[in-house]
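Reader: Hello! I am new to this structure, so please take a close look at one part for me, the place around the ligand, and then lead me on from there.

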Amino acid sequence: MSPDDLKKLAAARALELVTPGMRLGLGTGSTAKHFVDLLGARVAEGLDVLCVSTSEVTEAQARALAIPMSTLDETPELDLTIDGADEVDRALRLIKGGGAALLREKIVAAASARMVVIADETKLVERLGRFPLPIEVVPFGLEATRRAVLAAMANAGAPGELVLRRRPDGSILLTDGGHYILDAHPGAIGDPERLAVALSAIPGVVEHGLFLGLANAAILAGKDGLIVLGSLD
Ligand code: 5RP
């Protein structure tokens, strides 16, 4: 099976968690895209759901599939969010934001009674931090914020480089919220909770990609089948 087949397998298992009438959060990324495609097929067969997206890209995909869409203003409480992740550890702590959607992803996950992560098994790590940690920052005061983030990382025992994310054409990437992303390269994050608190205390930081205490379960697809962390109930 290809990595993409594995992502689809995890997405298909997550679709089994969806019941009629649910209010769903729809994630962003290649794995979440499979889930939205599969959900769209069920909606076409008559499944009744109401969804909120975590990015403009997912919003467009869902609308093209005629999935009924809402907003967190109209539907502020969701039953279940299904989203991908860049890293998952065995305590269900995540790094997210590889697709630059971490801010809306975290807002939607926090508004959901449950969040289930879907991924292929390569995303499972013993310790977070191999994947660069995305940190969303406001453009104003970028250099001051960059220095504050570097200091916070060092103080939290996770020093490393910070790289301003750019598009393939070299221009600075703007998130859906009009912010920049600094990708942190700590290598390994010994104490994610401590780093999360330190980053959140910086005024120019809008949000960071450490998702702690948000995921209830993860469905990880590998060549030997599905691994489930946490509870799908
Ligand atoms: C987007 C994300 C994605 O969920 C994460 O990057 C995983 O993406 P993929 O399923 O393509 O591996 O956090 O901001």
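Author: Happy to! A polar contact is a pair of N or O atoms within 3.5 Å; within protein, one atom must be able to donate a hydrogen and the other to accept it, and residues adjacent in sequence count only if both atoms are side-chain atoms. What you see is a predicted model, in which local features need pLDDT of at least 70 and side-chain atom pairs count only at pLDDT 80 or more, while totals for chains, interfaces and linings use all residues. Residues are numbered from 1 along each chain as its sequence is written, and side-chain values use heavy atoms, leaving out hydrogens and water.

Let's start at the ligand. There are 17 residues around the ligand, and Ser30, Thr31, Asp86, Gly97 and Lys123 come nearest; to be near, a residue must have a heavy atom within 4 Å of the molecule or strand in question. Ser30 places a polar side-chain atom 2.5 Å from a ligand oxygen. In the side chain of Lys123, an N or O atom is 2.6 Å from an oxygen of the ligand. Thr28 takes part through its backbone, where an N or O atom lies 2.8 Å from a ligand oxygen.

Lys123 leads us on to Glu87, since Glu87 touches Lys123 along with others, including Arg93, Leu94, Ile95, Val125 and Leu128, when residues up to four places away in sequence are not counted. Touching, or contact, means heavy atoms within 4.5 Å. You will find Glu87 in strand β4 (residues 87–88); strands (E, at least two residues) and helices (H or I, at least four) are DSSP runs, numbered from the N terminus.

Glu87 is buried yet has no salt bridge, and Arg130, the nearest side chain of opposite charge, is 4.1 Å away. Buried means under 20% relative accessible area, exposed over 50%, and partly exposed in between, using a 1.4 Å probe and protein chains only. A salt bridge needs a side-chain nitrogen of Lys or Arg within 4 Å of a carboxyl oxygen of Asp or Glu. For charge, Lys and Arg count as positive and Asp and Glu as negative, with His and the chain ends not counted. What the side chain of Glu87 does have is a polar atom 2.7 Å from the backbone nitrogen of Phe131, and one 3.1 Å from the backbone nitrogen of Arg130.

Asp86, one of the residues that come nearest to the ligand, is also touched by Lys96. Lys96 is found in the loop between β5 and α4, and with a relative accessible area of 2% it is buried. Its side chain makes polar contacts with the side chain of Asp83, at 3.1 Å, and with that of Glu105, at 3.2 Å.

Ala100 is found in that loop too, between β5 and α4 (102–110). The phi of Ala100 is near 70°, a positive value in a residue other than glycine, and at 12% relative accessibility Ala100 counts as buried. Leu92 offers another such case, with a phi near 65°. Leu92 sits in the loop between β4 and β5 (94–95) and is buried, with a relative accessible area of 10%.

Helix α4 brings us to a salt bridge. Arg104 pairs with Glu56, their closest N and O atoms being 2.9 Å apart. Arg104 lies in helix α4 and Glu56 in helix α3 (residues 56–64), so the pair ties together parts that are 48 residues apart in sequence. Arg104 counts as partly exposed at 29% relative accessibility, and Glu56 is partly exposed as well, at 45%. Together with Asp176, Glu56 and Arg104 are linked in a network of salt bridges. The structure holds 15 salt bridges.

Last, a look at the nonpolar interior. A nonpolar core is a set of buried Ala, Val, Leu, Ile, Met, Phe, Trp, Tyr and Cys residues joined through side-chain atoms within 4.5 Å. The largest one has 28 residues, and Leu26 and Phe35 are among those with the most contacts inside it. Elements that each supply at least two of its residues include α1 (3–15), α2 (30–44) and β6 (112–120), with α1 giving the most, five residues. A second, separate core of 23 residues includes Ile95, which we met above as a residue touched by Glu87.
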